[in-house]
Amino acid sequence: MTDSQPAARPDALVRVEDLKLHFSEGGFGRSRSVVKAVDGVTFDVLSGETLGLVGESGCGKTTVGRTILRLYEPTAGRIVFDGQDISGASTRQLRPLRRRMQMIFQDPYSSLNPRQNVGNAIAEPLEVHGLAEGSQADRRVRELLEVVGLPANAANRYPHEFSGGQRQRVGLARSLALNPDLIVADEPVSALDVSIQAQIVNLLEDLQAEFGLTYLFIAHDLAVVRHISDRIAVMYLGKIVEIADADTLYNSPKHPYTRALLSAVPIPDPQVERSRERIILTGDLPSPADPPTGCRFHTRCPYVQPERCHDEEPLLRPLSGRESQGQVAACHYAEDIEDGRLAPREGLVVRAEPTA
Amino acid sequence: MTLLEIADLQVSFSTRRQTVYAVNGISYDVEPGETLGIVGESGCGKSVSSLAILGILARNGRVTGGSARFEGRDLLEMPDSQLRRIRGRDMAMVFQDPMTSLNPVLTVGRQLTEVLRRHLDVDRKAARSEAQALLERVGIPNAGDRLSDYPHQFSGGMRQRVMIAMAIACKPKVLIADEPTTALDVTIQAQILELLRDLVRSEDMALVLITHDLGVVAGICDRTHVMYAGRFVETAPTDELFAQPRHPYTFGLLRSVPRLDAGRAQRLEPITGAPRDLTERPTGCAFAPRCAYATQASWDELPILRPVEGSGPSGGAGRRAHLVACHNPVPQADLTAAGIGRGRQGNA
Amino acid sequence: MSIAEAQAAELAVEQPSGLLKDALVRLRRNPGAILGMVLIGAFVLLAIFAPLVAPYGPAERVGGLATNPPGPTSEFWFGLDDQGRDLFSRIVYGARLSLLIGVVSVAVGLTFGMSLGALAGYFGGRIDTVVMRSMDIMLAFPGFLLAIGLVTVLGRGLGQIMIAVGITNVPVFARLLRGTILGQRESDYILAARSVGTPGPRILFRHLLPNSVAPVIVQATLACATAIIDVAGLSFLGLGPSDPGLPEWGRILADNAGRLNQSIHLVIFPGFAIVLSVLGLNLIGDGLREAIDPKLRS
């Protein structure tokens, strides 16, 4: 199926091709089941952009991010970083590349070693790569602390002495220590309080502008993703169902799942909330150990059709007969839905209430 | 008719070394069929206030003042046995994490029938069929079969439905939902919110929704209280609150959350600093250290909730009142400049 | 302090920064642990300054041979033994032996146990299976029986006995460390360290071990007490150090078990010495456990 995927863009910093990652569960004496956490995803992260990767829990977005950084061993597929295929690279081969790609974690409480002071945590990447030691490293640590808006004396303190937002800043400083090109940010603000989220989002934006960073921004919060991303890829059960520019995705989503997802995000404005149409999906997320056949979304899709949806897997494709602007969606009936030729199943769409 | 009336409720926690003043005098009331929102960030005291009302505070927590009347009777003065009867039957609560609030070693059916038999005079068989009806009511497919499943066999969303089923088992008059959707995915959150909306409408239940999510509040609450450092800083009908936020904290929250319907170009305006330490009771406004509008008076004198001046047609009295606890409410010009109160904003 | 923190404060006073520093702060608030520290401190002082404290040497004969040696007098505080040696001096010198036994055998256990546990926990897979199954086999024997068996094989020198007792502790430490390492291995900060390219050994020594040793330290303190009892027990059964002159408490007890009716002081004083030192170590161990893992306090 690789041949039908969009070709690599020349300006891609990361190219992910038909990436698969299957975990096997169980083991000794128990029946083994294979969880297809990521099951054939293809996308590019362009140099200097922010690609948002959204989806609900269990869709495989975190796994994609970690596999790109080769923290997990891919089961199949290719990961090309700056022209170099790293999908089979050894630990030794990876080491120089690790300088160029970094990670920010969701939970600022668990992503810092509680027994290591902040200065050592930030200096560790420098030491590991033999880039700075002693006073030189101290100077760099102070510099990094300043960049992320923390006082220099933070270096001598331990993670528990900081608030969640401050710890996330420490995590950022550590990820910046090696001057990376790519940062995979996995839910970097979702554990933070509302008033603190904005501080970190702004900081991420500032750092991107200052250091020319490329972000893979993984999150479940579509509002945050739309705010920060240039392009957005939507995942469902180990597959990408749609990729588009952030504005295009919001203004004209093509995949029924994207539509449902967008309509489910609450907007802090009662008037807007009242006048919106909500698509309420029925049922739960199927298990990734036993994903539905054909289109994986067909069990919950309000537009599901008797033909094709159950038995034929849809490919990511631009919609026929219209300007795509890079938008691709994996739905057999995307055109029919867009043009209103298909109606959603009854009872799944909550119509807007009459405005008071 | 007022169902639940909270007046000047105060709660504090004492540890060996210090006292944390979690709730510092909040007042609200709820009527049947009404949905009330309490919105605030973690640690502002929003959850603690409802735990206190139901008498289920942690051991080191203490109600230090105020009253909580349910149909005229003070819950805080009542003997424990009486409170237990009200809790679960007339007032019920749904928590954020449904896994920890269900007993993992009992089937869901057993837990549901136990609630029913404890509070209502029904035999086992009737309770069983009522339990099935409840699961159906909250939208669990194959309800009959699922009664014999254990909590871990349900997904997060389904577990939250079970919790809601358990909470509404005895047709409570008041349901307190504490971050009921925070642990859930958005499409599941939409399902649960729809269910709550439906319950309020069809059962004429009063719903107190505690959340940090302004979007959730906007979609479901009739009236909203914004809580900061143990106090309500602003309270208004939800429409009015979002259109005319007058407290700098409310204003700050609205400007700091990205909106799905706003364009990318718009930069977020974070609230500077971090929520305050609750171990001391400030003489002035607790938000002053983070507030751009703070004046000397903010530091010296505690602002009390007052009707908003000149709030125009919607600034009425009683249940329509718009109250704000601030010496220097956000001027209209700043609201306009920030694009608040005009419905959609940005380039969407 | 936030509300959540305040609610948790009943359980945890503060999070650890310096493991020992914080543990000490909490230990100071625990009367049991203080008593334990006083007891063990006293024994340590006795051991160090034994020649200054004890009026006579451990093997020095100050009285004649006697079947029923005299009890405490103002000159001989704990009385004399059948060889005419001053019991007080012997017990004071015995403190040296007992502490040595505790420390050395625990050190033996820790060295092997922690290495195996770290290996199994860090590498997992087949290494883990092999290591842990062998530990299970060792655990299948009651510890004391295992020690008896080992002493029979290794011989009855003091060193061999300490090694034997130490070996019985190996599986306990290995299991404990492996468990905590497994718990830490998947945590975000380990992933973070891996993502910057931190080499394996550094991850193990800089990140995993410092966050996993706390329960092992607690266990080590308790094991120290058990070691003292075990060696005393071995001596009592006649499997103790072969050198009869050694003032080992268990041995003194064993040698004089037959004189319980006539010269009870020969049994009571070494017995007390054992009980107090073991009690002290256990109190410290329990205190440490609470101090390091405040969740255990209810």
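So, a salt bridge here is a side-chain nitrogen of Lys or Arg within 4 Å of a carboxyl oxygen of Asp or Glu. Keep that cut-off in mind, and keep in mind too that this is a predicted model.

Let's go straight to chain A. The side chains of Glu338(A) and Lys254(A) make such a salt bridge, with N to O at 3.3 Å. That pair ties together distant parts of the chain, 84 residues apart: Glu338(A) belongs to helix α11 (residues 334–338), while Lys254(A) sits in the loop between α8 (246–251) and α9 (256–264). Is Lys254(A) buried or exposed? Lys254(A) is buried, at a relative accessible area of 8%. Glu338(A), on the other hand, is partly exposed at 29%.

Staying in chain A, there's Arg70(A) with Glu73(A), where the closest N and O atoms are 3.1 Å apart. Arg70(A) counts as buried because its relative accessibility is 6%, and Glu73(A) counts as exposed because its value is 53%.

Over all chains, by the way, the structure holds 44 salt bridges. One of them is in chain C, between Asp81(C) and Arg90(C), at 3.8 Å from N to O. Both ends of that one are covered up: Asp81(C) is buried at 4% relative accessibility, and Arg90(C) is buried at 3%. Back in chain A, we also get a network, in which salt bridges with shared partners join Arg15(A), Glu17(A), Asp44(A), Arg78(A) and Asp85(A).

Okay, chain B, and strands. Strand β1 (residues 4–14) has β4 (residues 61–70) as an antiparallel partner, with eight bridges between them. If you want a landmark, look for Gln10(B), whose bridge partner in β4(B) is Gly65(B). β1(B) also pairs with β2 (residues 19–30), again antiparallel, over nine bridges. There, Leu9(B) is matched with Ile26(B) of β2(B). What do β1(B) and β2(B) form? A hairpin, with four residues between the two strands.

Then there's an open sheet in chain B: eight strands, mixed pairing, in the order β6-β7-β8-β3-β9-β10-β12-β11. At its edges stand β6 (91–94) and β11 (306–307), each with a single partner strand, so one side of each has no neighbour in the sheet. Further in, β3 (residues 35–39) and β9 (residues 223–228) of chain B run parallel and share four bridges. Val39(B) is the residue to click on there, as it stands opposite Val226(B) in β9(B). And over β6 and β7 (174–178) of chain B lies helix α6 (residues 156–167), which runs at about 170° to β6(B).

Last stop, chain C. How many helices and strands are there in chain C? There are 13 helices and zero strands. The C-alpha atoms fill a box of roughly 75 × 50 × 30 Å along the principal axes. Of the 298 residues in chain C, 48% are buried. If you take contacts between residues at least 6 apart in sequence, 71% of them join residues at least 24 apart.

As for the outside, chain C exposes about 13300 Å², and carbon and sulfur atoms supply 67% of that. There's a nonpolar surface patch of about 590 Å² to look at, made by Leu260(C), Ile264(C), Ile268(C), Phe272(C), Val275(C), Leu276(C) and Leu279(C). Take Phe272(C) from that list: it's in helix α13 (residues 265–292) of chain C, and at 48% relative accessibility Phe272(C) counts as partly exposed.

That's my tour, thanks.

Conventions
Residues are numbered from 1 along each chain as its sequence is written. Chains are lettered from A and ligands numbered from 1 in the order in which they are written. This is a predicted model: local features need pLDDT of at least 70, side-chain atom pairs count only at pLDDT 80 or more; totals for chains, interfaces and linings use all residues. Side-chain values use heavy atoms; hydrogens and water are left out. Patches are made of residues with over 30% relative accessible area and no salt bridge: like charges are joined within 9 Å, nonpolar side chains (Val, Leu, Ile, Met, Phe, Trp, Tyr) within 5 Å. Accessible areas come from the Shrake-Rupley method with a 1.4 Å probe; for residues, only the protein chains shown count as cover. Buried means under 20% relative accessible area, exposed over 50%, partly exposed in between (1.4 Å probe, protein chains only). Two strands pair if DSSP finds at least two bridges between them. Contact means heavy atoms within 4.5 Å. Axes are lines fitted to C-alpha atoms, for helices over the stretch in contact, and angles run from 0 to 180 degrees between N-to-C directions.
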